[in-house]
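I opened my notebook to look around a structure I had not seen before. Here is what I looked up, entry by entry.

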Amino acid sequence: MPMSRRALAAAAAALVLPLSACGSGGDGGGSTDASGTIQGDITFQTWNLRANFQSYFDGLIADFEKKYPGTHVKWIDQPAEGYPDKLSADAGGGTLPDVVNVSPDLVAPLAKAGLALDLDKAAGTYRSEYLEGAWAGHQVPGMSGTYAFPWYLNTGPLFYNKALFREAGIDPDQPPKTYDELFADALRMAKKSGGKVATLANVPTIEDFGRYGVTLMNRQGTAFAFNDAKGVELLTRYKELYDAKALDPQALTATPESSGKKFLTGAVAMNPGSALDLDNFKKNAPSLYRNIGITDQITSTGHVNMYVMGVMVNSRTRHTPAAVAFAHFVTDAQNQMSFARKVAIFPSTAGSLNDPYFTKEDGTDETRVRIAAAKSLKSAVNYTPVLFSDQMKTALRNEVAKALQGEESPKQALDNAVNAANRLLQQG
């Protein structure tokens with residue numbers, strides 16, 4: 001289920017659509033006018049949610065059909081594996097459902113192919129109901145419009161091992177708040193432990209460059225730009241960490257799961273996560289749980305990273321008013337709040353994060369993490385460009401690895417990554 005911060009971070013591979021792709025409307029498609037009578041049969045597709053949330057969605061659909069007696073919603077749930085490929089095949093074959101669970105990188109090619117309804121035009125009256133950053137999450141550079149209702153959000157803190165900080169002579173109650181402090185503490189910890197304890201377990205990704213303040217794309221959305229001076233600076237600093245063993249040696253091939261295991265075993269002092277991780281620490285690493293520190297994401301911009309899921313309306317649907325009404329219903333404040341109480345995610349609707357569930361302390365770490373995350377989400381942004389495909393992520397990771405190993409300079413590595421990403425962008 002693509003719910004946790006880590007799962008959302010890895011949200012989906014690139015989606016390649018033929019330019020001639022058409023949606024479920026088949027011959028001629030549907031109307032972009034959502035103001036008509038809400039009636040008709042529509043299909044709703046989710047992404048690996050049935051196993052854990054069937055009763056929730058059954059109830060949601062029943063409530064919608066009761067509110068609009070002339071409607072009928074058929075729910076389809078697809079497995080997590082191969083979801084992008086399934087969307088691509090449906091888009092190309094004219095069988096794309098009327099309402100579709102998407103992430104920003106999945107909606108971009110659908111929007112470019114003319115298959116995602118522009119909600120700024122069809123449902124702009126709803127825009128004020130959502131957080132500004134969440135509504136912008138499904139906008140596509142180079143295109144005007146918004147192509148999915150924002151649904152659930154996630155973000156998370158940095159966890160750190162207070163015992164390892166203490167052993168390195170670093171105040172465990174004063175974790176790093178800035179990048180300068182992070183890199184200084186990491187070098188100190190590596191030196192103190194003789195290179196046995198790294199502070200970080202992951203190489204920088206595109207979202208890390210964004211948090212550092214790097215310009216990721218030009219304003220037109222036609223070219224990537226993360227090889228600027230700020231980007232080179234960040235990669236250069238990571239190279240210093242890698243050489244000093246302050247960055248885990250296996251970071252070049254690390255996955256979120258392997259990084260998490262490193263943190264569990266005390267080989268790494270800091271790791272990003274979410275409230276879902278606390279229970280894992282409690283069950284599988286009680287000594288770590290007793291020494292767990294929780295601090296905010298480090299950022300140079302003042303805005304943490306947001307992971308966002310959305311609900312898209314197929315522009316070729318034959319029942320535009322019903323499809324738009326249902327997509328809005330799924331993502332309205334009441335239903336998002338209900339969903340957020342069932343799993344550690346956050347609603348994207350304006351004002352929902354002021355609910356006592358997200359603001360009132362009860363003395364538990366789980367609630368502390370939830371409250372901190374909810375507060376930061378009010379001004380969070382999705383740093384990963386919607387046009388940054390899985391192939392582009394691989395190209396960046398490969399070039400970062402070459403820089404850290406000394407095969408290329410940080411500048412050359414980022415130039416190569418940007419050139420590769422821009423070639424892929426033009427091909428798309």
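**Entry: one residue to start**

Is Ala403 buried or exposed? I looked up its accessibility: Ala403 counts as buried, because its relative accessibility is 1% and the cut-off for buried is under 20%. I note here that this is a predicted model.

Next I looked up where Ala403 sits, and found it in helix 17. I set aside its neighbours within four places in sequence and listed its contacts. Ala403 is in contact with Leu235, Lys239, Glu408, Ser409, Pro410 and Ala413. I then took the pair Ala403 and Lys239. They are 164 residues apart in sequence, yet their C-alpha atoms are 7.1 Å apart in space.

**Entry: helix 17**

I moved from the residue to its helix. Helix 17 covers residues 390–404, which makes 15 residues. From its first C-alpha to its last it reaches 21 Å, close to the 21 Å expected at 1.5 Å a residue.

Which residues of helix 17 are buried? I found Met392, Ala395, Leu396, Glu399, Val400, Ala401, Ala403 and Leu404. I wrote a reminder beside the list. An α-helix has 3.6 residues a turn, so residues three or four places apart point the same way.

What do these buried residues pack against? They pack against helix 9 (206–212), helix 10 (229–243) and helix 18 (410–427). I also checked the chain just after helix 17. There Gly406 takes a positive phi of about 80°.

**Entry: helix 18**

Helix 18 was next on my list. It has 18 residues, so at 1.5 Å a residue it should span 26 Å. Its end C-alpha atoms are 26 Å apart, which agrees.

I listed its buried residues too: Pro410, Ala413, Leu414, Asp415, Ala417, Val418, Ala420, Ala421, Asn422, Leu424 and Leu425. Pro410 and Ala413 were already in my notes as contacts of Ala403. The buried residues of helix 18 pack against helix 9, helix 10 and helix 17.

**Entry: empty space**

I turned to the gaps. Rolling a probe the size of a water molecule over the atoms shows where empty space is left.

How many cavities of 30 Å³ or more are there? The count comes to one. About 60 Å³ of space lies in the largest cavity. I copied down its lining: Thr155, Gly156, Pro157, Asp296, Gln297, Val304, Val369, Ala372, Ala373 and Ser376. By class, that lining has five nonpolar, four polar and one charged residues.

I looked up the second largest pocket as well. Its volume is about 790 Å³. It is lined by 26 residues, and the closest to its centre are Ala136, Pro141, Asn382, Tyr383 and Pro385. The lining has 11 nonpolar, 12 polar and three charged residues.

**Entry: positive phi**

Most residues other than glycine have a negative phi, and most peptide bonds are trans. I looked for residues that depart from the phi rule.

Asn48 has a positive phi near 60° and is not a glycine. I placed Asn48 in the loop between strand 1 (40–47) and helix 2 (50–67). It counts as partly exposed because its relative accessibility is 23%.

Lys245 also has a positive phi, about 65°, although it is not a glycine. Its place is the loop between helix 10 and helix 11 (256–264). Lys245 is partly exposed, with a relative accessible area of 45%.

**Entry: two more loops**

Val343 lies in the loop between helix 15 (333–340) and strand 9 (346–347). At 13% relative accessibility, Val343 counts as buried. I checked its distance to Asn202. The two are 141 residues apart in sequence and 26 Å apart in space, C-alpha to C-alpha.

Gly169 is in the loop between helix 7 (162–167) and helix 8 (179–192). It is partly exposed, with a relative accessible area of 43%. Gly169 and Met189 are 20 residues apart in sequence and 8.2 Å apart in space, C-alpha to C-alpha.

**Entry: confidence**

Last, I checked how far to trust the model. The chain averages a pLDDT of 90, and 93% of the residues score at least 70. Where does pLDDT stay under 50? It does so over residues 1–29. For that stretch the model has 98 contacts beyond four places in sequence. Where pLDDT is low, the predicted coordinates should not be read in detail.

Conventions: Residues numbered from 1 in each chain as written. Predicted model: local features only at pLDDT ≥ 70, side-chain atom pairs only at ≥ 80, totals over all residues. Heavy atoms only, no water. 1 Å grid on protein atoms, 1.4 Å probe; cavity = no way out; pocket = protein on both sides within 12 Å on 5 of 7 lines; lining within 4 Å. Points joined across faces, edges and corners; volume = space filled by probe spheres on them. Nonpolar A, V, L, I, M, F, W, Y, C, P; charged D, E, K, R; others polar. Helix = DSSP H or I, 4+ residues; strand = E, 2+ residues; numbered from the N terminus. Expected span 1.5 Å × (residues − 1). Buried < 20%, exposed > 50% of the residue type's maximum accessible area, 1.4 Å probe, protein only. Contact = heavy atoms within 4.5 Å. pLDDT = per-residue confidence, 0-100.
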